[in-house]
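Student: Could we go through this structure together, beginning with its charged pairs and then turning to its nonpolar interior?

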Amino acid sequence: MQDLSEEGAATLTVTIGENPPDRLDKALAREVPEEASLSRSRLMKMIAEGDVLFDGTPVTDPKAKVQEGQEYTLILAPAEDYDAKPEAIPLTILYEDADLIVIDKPAGMVVHPAPGSPSGTLVNALLHHCGDTLSGIGGEKRPGIVHRIDKDTTGLLVVAKSDRAHHGLAKQFEDHSVTRHYIALVHGVPDAADPRLRGTRGVSFEAGGIVRIATGLARHKTDRQRQAVVWDGAGRHAVTRARVVETFGGDAAALIDCWLETGRTHQIRVHMAHAGHGLLGDQTYGGRRRLSPKAIGAQAADMGNAFPRQALHAATLGFIHPVTGEALEFESPLPPDMASLTAALRSAR
């Protein structure tokens with residue numbers, strides 16, 4: 001993104017990828033980075049209002065044909081104001097300077113206010129901690145927020161305190177140059193030797209036992225709170241890689257390291273479920289699969305089956321400081337609940 005006017009509007013350049021959908025609004029919905037928080041309905045409104053440009057000229061027809069490699073410029077108005085109030089919520093801060101702050105988020109904390117979560121969010125806590133030093137690009141609703149993790153996912157987030165940091169970080173997320181590793185506990189073991197996994201569409205294998213999952217992701221047709229795997233150029237391109245770190249009870253469960261080439265809503269959760277290895281505790285995508293006491297013992301099985309959230313932790317975050325140019329990398333240990341569950345699974349082995 002870059003500044004467009006003195007009023008603080010910004011632009012986002014979107015490049016159309018291969019095998020694009022047959023109309024502009026669908027193509028943009030697939031290509032815009034997740035961090036931009038632009039729904040298809042919002043994109044259609046922007047098209048109608050002349051805020052989508054091709055070669056400097058507004059394109060106002062959502063059904064306009066697109067071609068691979070075309071670049072569109074989106075004019076982003078400031079986000080609508082939201083009456084977020086500072087709240088004295090404790091934060092675990094790993095790093096802070098004049099331009100950015102790195103937070104280790106606990107489970108249960110929503111990143112920014114939204115209907116149903118007007119308070120108790122990371123934004124409320126940041127407004128109290130940082131005062132008026134957060135980047136204003138996101139408006140009052142999302143000041144400083146460059147990326148998100150789910151409410152019940154724990155771990156690392158970087159937040160921009162200055163507009164110049166926000167621009168630089170957003171560009172790195174858009175370019176997929178940010179390093180993000182997640183630790184997860186899953187049902188079963190994603191093994192390259194498994195013929196079922198080898199026959200799963202979108203799954204391939206790389207050296208070192210790495211499983212690569214590449215699909216489109218889009219909102220579920222009937223449940224708008226969920227994401228679903230889609231094909232043939234539909235949805236947003238999403239790539240997840242995973243590597244088994246440790247196994248439990250033979251093939252009952254595994255601790256895996258996942259890293260993102262793209263960052264889509266619920267990406268790891270949806271991709272691991274698609275591969276047949278849903279996360280422990282994931283009530284949305286995990287299905288009805290349960291750990292067997294015969295494989296790992298009653299205590300570990302009970303803990304795993306009763307785990308109250310998806311067992312997912314954003315453990316590593318690396319990026320180039322957008323102002324100083326310094327390479328930064330941060331690590332967060334497993335939170336107590338996942339550490340206890342891992343210990344129980346390990347002792348049962």
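**Charged pairs and the nonpolar core**

Tutor: Arg 212 and Glu 206 are joined by a salt bridge in this predicted model, with their closest N and O atoms 4.0 Å apart. Arg 212 is partly exposed at 22% relative accessibility, and Glu 206 is partly exposed at 30%.

Student: Which residues do salt bridges that share partners join into one network with Glu 206 and Arg 212?

Tutor: Salt bridges can be chained together where they have partners in common, and the pair of Arg 212 and Glu 206 belongs to such a network. The other members joined with this pair are Arg 241 and Glu 261.

Student: How far apart in sequence are the parts that Asp 99 and Arg 164 tie together?

Tutor: The side chains of Asp 99 and Arg 164 meet in a salt bridge, at 3.0 Å from N to O. Asp 99 lies in the loop between β6 and β7, whereas Arg 164 belongs to helix α4, so the pair ties together parts separated in sequence by 65 residues.

Student: Is Asp 99 buried or exposed?

Tutor: Buried means under 20% relative accessible area. Asp 99 has a relative accessibility of 7%, and therefore counts as buried.

Student: Which element gives the most residues to the largest nonpolar core?

Tutor: The largest nonpolar core has 34 residues, and Leu 122 and Leu 126 are among those with the most contacts inside it. Several elements each supply at least two residues of this core, including β7, α3 and β9. The element that gives the most, with five residues, is α3.

Technical notes:
Residues numbered from 1 in each chain as written. Predicted model: local features only at pLDDT ≥ 70, side-chain atom pairs only at ≥ 80, totals over all residues. Heavy atoms only, no water. Core = buried A, V, L, I, M, F, W, Y, C linked by side-chain atoms within 4.5 Å. Buried < 20%, exposed > 50% of the residue type's maximum accessible area, 1.4 Å probe, protein only. Helix = DSSP H or I, 4+ residues; strand = E, 2+ residues; numbered from the N terminus.
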